[in-house]
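Colleague: I should like to understand the reasoning behind the terms used for this structure. May I ask you to take me through them one by one?

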Amino acid sequence: MATAASLSKPGCQEKCGNLTIPYPFGIGSDCSANSSFTVNCTGNPSTAYMSNINLEVINISIYGVVIVNLPVFPVNCYEGQRREAIPASLTESPFTVSAQYNALTVLGCKNSVWLRANETAAGGCMPMCDANTTDFSCNGVNCCQISIPRRAQQFEFTYESIQANNSTFCGYVFPVDKVWLDNEDYTAYKGIVSDMQNPFDQEFRFVPLVLEWEFGSGESISNGDCEYPSLLDESEYNLTSSSRFCFCNSGYEGNPYLVEGCEVEKKVTDPDCDDFSSISESFDLDMIFVET
């Protein structure tokens, strides 16, 4: 079976650990399109970090999406209103927080929370408290969600502790990938599930966050195109941006952001066919969105 074309810039390191780094991303400034897409690959085992926003990269899709590890911290109990910022700013970068894939999550029922995105009020929620529930889904009991506005690059939230207690911390507030939330991955932390009303676990330090990105005009793409997902059959693509992204035309495979990056799909001969007819090799989506 033929080998799939590299998605990285020619002559550049393709992987950091198990993570494929497709162009316009690249390991080092010589291998990325610009400083916004430069990846640093460090440590043992190797870990990828976006150099300009200083966040660990978990996965990259050439369909305009990257997943990063966002640091999370418990909020302090506080009488009266208090404003805090999400510990990542994407201003002056090509990245925005995906409204399609993320939600702002309030874990614990000790606070009422209001979200501001790009300096605009965007909603709020206040979980109900139930010490006896065995339902760990984030459905409004001990946990609630706030929808995120499109193309946000900055987040601030205002919170007010609504129940007096003797604890230093009053739960968590963070934007997170809805898949992580729906899978109830936070229940892996004993300190969270032991007290969902006022959760705290010192091992709970990061959550996955889905970012969207755009690059280039697409005018110079050969055998490919760039469109908004509303104009496409999204079932043909893996995890995609809600904004404009580029792709190879039907019958081609590869990375549309590279010069001559869209190549004719490789053909393989099926030895079990009596007429030795050629069949198209199925495009391996794992080469586009690589699970680590």
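Modeller: In this predicted model, the lining of the largest cavity consists of Leu 55, Leu 70, Ile 86, Ala 88, Leu 90, Val 97, Gln 153, Phe 155, Pro 175 and Leu 209. The volume of this cavity is about 50 Å³.

Colleague: What makes a residue part of the lining of the largest cavity?

Modeller: A lining residue must have an atom within 4 Å of a cavity point. Leu 55 and Gln 153 are among the residues that line the largest cavity, so each has an atom within that limit.

Colleague: How do the lining residues of the largest cavity divide into nonpolar, polar and charged?

Modeller: There are 9 nonpolar residues, 1 polar residue and no charged residue. Gln 153 is in the lining and is absent from the nonpolar and charged lists, so Gln 153 counts as polar.

Colleague: Which residues line the second largest cavity?

Modeller: Its lining includes Thr 96, Val 97, Arg 150, Arg 151 and Glu 212. The volume is about 30 Å³, and the lining divides into 2 nonpolar, 3 polar and 3 charged residues. Arg and Glu count as charged, so Arg 150, Arg 151 and Glu 212 belong to that group.

Colleague: Why is the contact between Arg 151 and Glu 214 called a salt bridge?

Modeller: The closest N and O atoms of Arg 151 and Glu 214 are 3.5 Å apart. The cut-off is 4 Å, so the pair qualifies as a salt bridge. Arg 151 lies in the loop between β14 and β15, and Glu 214 in the loop between β17 and β18, so the pair ties together parts that are 63 residues apart in sequence.

Colleague: Why is Arg 151 called partly exposed?

Modeller: Arg 151 has a relative accessibility of 40%. Buried would require under 20% and exposed over 50%, so Arg 151 falls in between. Glu 214, at 27%, is likewise partly exposed.

Colleague: What is the N to O distance in the salt bridge of Arg 83 and Glu 156?

Modeller: The distance is 3.4 Å, which again satisfies the 4 Å limit. This pair links strand β9, which holds Arg 83, with strand β15, which holds Glu 156, 73 residues apart.

Colleague: Why do β3 and β10 stand at the edges of their sheet?

Modeller: The open sheet has 7 strands in the order β3-β4-β5-β6-β7-β17-β10. β3 and β10 each have a single partner strand, so one side of each is left without a neighbour in the sheet.

Colleague: How do you know that β5 and β6 count as paired?

Modeller: At least two bridges are required, and β5 and β6 have 2 in the antiparallel sense, so the strands pair. In one bridge, Met 50 has Leu 55 of β6 as its partner; Leu 55 also lines the largest cavity.

Key. Residues are numbered from 1 along each chain as its sequence is written. This is a predicted model: local features need pLDDT of at least 70, side-chain atom pairs count only at pLDDT 80 or more; totals for chains, interfaces and linings use all residues. Side-chain values use heavy atoms; hydrogens and water are left out. A salt bridge is a side-chain nitrogen of Lys or Arg within 4 Å of a carboxyl oxygen of Asp or Glu. Helices (H or I, at least four residues) and strands (E, at least two) are DSSP runs, numbered from the N terminus. Buried means under 20% relative accessible area, exposed over 50%, partly exposed in between (1.4 Å probe, protein chains only). On a 1 Å grid over the protein atoms alone, a cavity is a set of points where a 1.4 Å probe fits but cannot get out, and a pocket is an open set with protein on both sides within 12 Å along at least five of seven lines; lining residues have an atom within 4 Å of a point. Grid points are joined across faces, edges and corners, and a volume is the space filled by probe spheres set on the points.
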